[in-house]
Amino acid sequence: MRKARIAVLVSGGGTNLQALMDSERAGVISEGEIKLVISDNRDAYAIQRAKNYNIETEVLLRKDFPSREDHEKALVGTLKDHDIDLIVLAGFMSILSPYFIDSFRDRIINIHPSLIPSFCGKGFYGLKVHEAALSYGVKVTGATVHYVNEIPDGGKIIIQKAVEVKDGDTPEILQRRVMEEAEWKILPKACQMVCQKILEEEANAE
Ligand code: GRF
């Protein structure tokens, strides 16, 4: 049976991408293969990580296109050219328009560093999520992998994992613990689950 073709969209350090590539190699993602990594930031270390794994990379910068629509058209075109089945947003900082989402309905997943519906939606990204969790005083936070729809962080939840908040945590310390204990584990698992589903649906349609 064929494997689902995965593209990972990144903007930064790419530790989640690293977890995905390692999991593919370890057989955790057995029904998918990462075929393409797209970055909207030329300096993203994630690009180097992909190159180290011999995965094709594309850099598509917003500033190289006259409008956001043109940038997204280029993204969609590149993904279609590579016959991508599943798009994984792994620290991708551009917000996607309904046009993009509609082009890959139920084929886009995202990792968010909190237990949705807490500390999510517009404005909650990066360290801001952990700052908000600490200032609210929650004792448990975590990470969520969900489908992407038109509502920021509002699509159907696929997997969540809880992480303890400890006394003396700073946003940076908490961010690291959420990555290590939750994000790097549930993103590969969710990827495998969605790849399986895609292939099953395809087999049933035949
Ligand atoms: C992660 O915290 C992820 O949850 C969020 O952005 C961060 C990306 O980190 N969406 P990395 O680039 O995978 O290291």
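In which helix does D102 lie? Select D102 to begin: this residue belongs to helix α4. Helices here are DSSP runs of H or I with at least four residues, strands are runs of E with at least two, and both are numbered from the N terminus. The model is predicted, so local features need pLDDT of at least 70 and side-chain atom pairs count only at pLDDT 80 or more, whereas totals for chains, interfaces and linings use all residues. Residues are numbered from 1 along each chain as its sequence is written, and side-chain values use heavy atoms, with hydrogens and water left out.

**Stop 1: around D102**

Keep D102 selected and add R105. The side chains of these two residues are joined by a polar contact of 2.9 Å. A polar contact is a pair of N or O atoms within 3.5 Å; within protein, one must be able to donate a hydrogen and the other to accept it, and residues adjacent in sequence count only if both atoms are side-chain atoms. Next, add E150, which is 48 residues from D102 along the chain; the two C-alpha atoms are separated by 8.9 Å.

**Stop 2: the second largest pocket**

R105 also leads to the second largest pocket, whose lining includes R105, D106, Y147 and K197. A pocket is defined on a 1 Å grid over the protein atoms alone, as an open set of points where a 1.4 Å probe fits, with protein on both sides within 12 Å along at least five of seven lines; lining residues have an atom within 4 Å of a point. This pocket holds about 190 Å³ of space. Such a volume is the space filled by probe spheres set on the points, which are joined across faces, edges and corners. Colour β7 (157-164) and α6, since each supplies at least two residues of this lining. The largest share, three residues, comes from α6. By type, the lining has six nonpolar, two polar and four charged residues. In this division, Ala, Val, Leu, Ile, Met, Phe, Trp, Tyr, Cys and Pro count as nonpolar, Asp, Glu, Lys and Arg as charged, and the others, Gly among them, as polar.

**Stop 3: the largest pocket**

Now select G91, F92, M93, N110 and Y125, which lie nearest the centre of the largest pocket among its 37 lining residues. The volume of this pocket is about 900 Å³. At least two lining residues come from each of α1 (15-26), α4 (98-103), β5 (108-112) and α6 (171-205). The lining comprises 16 nonpolar, 17 polar and four charged residues.

**Stop 4: the ligand**

Which space is taken by the ligand? The ligand occupies the largest pocket, in the sense that more than half of its atoms lie within 2 Å of the grid points. α1 and α6 are the elements that give two or more residues to the shell around the ligand. Among the residues surrounding the ligand are G12, T15, I111 and M179, each with a heavy atom within 4 Å of it. Display E183: one of its polar side-chain atoms lies 2.7 Å from an oxygen atom of the ligand. For G14, a backbone N or O atom lies 2.8 Å from a ligand oxygen atom, and for N16 the corresponding distance is 2.9 Å.

**Stop 5: two loops**

Finally, select P117, in the loop between β5 and α5 (127-136). The peptide bond from I116 to P117 is cis, with omega near 15°. Then move to N54, in the loop between α2 (45-52) and β3 (56-59). N54 is not a glycine, yet its phi is positive, near 60°.
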